[in-house]
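Colleague: Can you take me through this model? I would like to start with the sheet and then move to the cysteines.

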Amino acid sequence: MPDPRIIHIELDEATILWRNADIEQERRIAIFDLIEDNVFKPLRSYAAGHHGPYRLKLAVRDGRLSLEIEDEAGEPLETLLLGLARFRRSIREYFAICESYYQAIRKSTPQEIETIDMARRGVHNEAAEMLLERLEGKVETDFPTARRLFTLICVLHIRG
């Protein structure tokens, strides 16, 4: 029976140079939420008879996002490479607004925190839409899965 979803996700630890407690918490939540509820159907693998579930490893290689897709047993199925140039502005904006958000949580009013959080969600949603566009024709997924994947893409871009 087809089961097009991610059951395990791994980030290339060699790609991640630095992260603080706030970012680590974002990573943990994104991975937990992603595993709990996601839609992920790599079209080439699916057409070849691999109907899921899938294991996914994310890495940045030569300036491109690498999505290494494996079957449930860990056998490689395919690797997708996506250019990251279109995401750089969104990643930069997301980091900046997250930093403001983390600072606001510690010393701002609830109204100020809500305003920053709305802006953070807006940047996140825009980037998720862009990721959906980049995956079109390669992977069928849904908006919540794309949002969580974008969070993890950001974690891969942290520089101390």
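Modeller: The notes below go through the sheet, one residue in it, and the cysteines.

Colleague: Before that, what kind of model is this, and which pLDDT limits apply?

Modeller: It is a predicted model, where local features need pLDDT of at least 70, side-chain atom pairs count only at pLDDT 80 or more, and totals for chains, interfaces and linings use all residues. Residues are numbered from 1 along each chain as its sequence is written, and side-chain values use heavy atoms, with hydrogens and water left out.

Colleague: OK. What is the strand order in the open sheet?

Modeller: The order is β1-β3-β4-β5, an open sheet of 4 strands with mixed pairing. Strands (E, at least two residues) and helices (H or I, at least four) are DSSP runs numbered from the N terminus, and two strands pair if DSSP finds at least two bridges between them.

Colleague: Which strands stand at the edges?

Modeller: β1 (6–11) and β5 (76–83); each has a single partner strand, so one side of each is left without a neighbour in the sheet. On average, neighbouring strands here are turned by 20° against each other, direction ignored. Axes are lines fitted to C-alpha atoms, for helices over the stretch in contact, and angles run from 0 to 180 degrees between N-to-C directions.

Colleague: And how many bridges join β3 and β4?

Modeller: β3 (residues 54–61) and β4 (residues 64–71) pair over 8 bridges, in the antiparallel sense. L56 has I69 as its bridge partner in β4, and V60 has L65. The hairpin has 2 residues between the strands, and D62 takes a positive phi near 50° there.

Colleague: What about β4 with β5?

Modeller: Also antiparallel, over 7 bridges. I69 stands opposite E78 in β5. In that hairpin, with 4 residues between the strands, G74 has a positive phi near 95°.

Colleague: Which helix lies across the sheet strands?

Modeller: Helix α5 (residues 143–156) lies across β1, β3 and β4, at about 40° to β3.

Colleague: Is S66 buried or exposed?

Modeller: S66, in strand β4, is buried at a relative accessible area of 2%. Buried means under 20%, exposed over 50%, partly exposed in between, with a 1.4 Å probe and protein chains only. Its contacts (heavy atoms within 4.5 Å) include K57, L58, T79 and L80.

Colleague: Changing topic: how many disulfides are there?

Modeller: The search of the whole structure finds 0; a disulfide is a pair of cysteine sulfur atoms within 2.5 Å.

Colleague: Why is C98 not bonded to C154?

Modeller: The C98 sulfur is 7.2 Å from that of C154, its closest cysteine sulfur, so they are too far for a bond. C98 counts as buried at 2% relative accessibility, and C154 is also buried at 2%.

Note on methods: Lists of a residue's contacts leave out its neighbours within four places in sequence.
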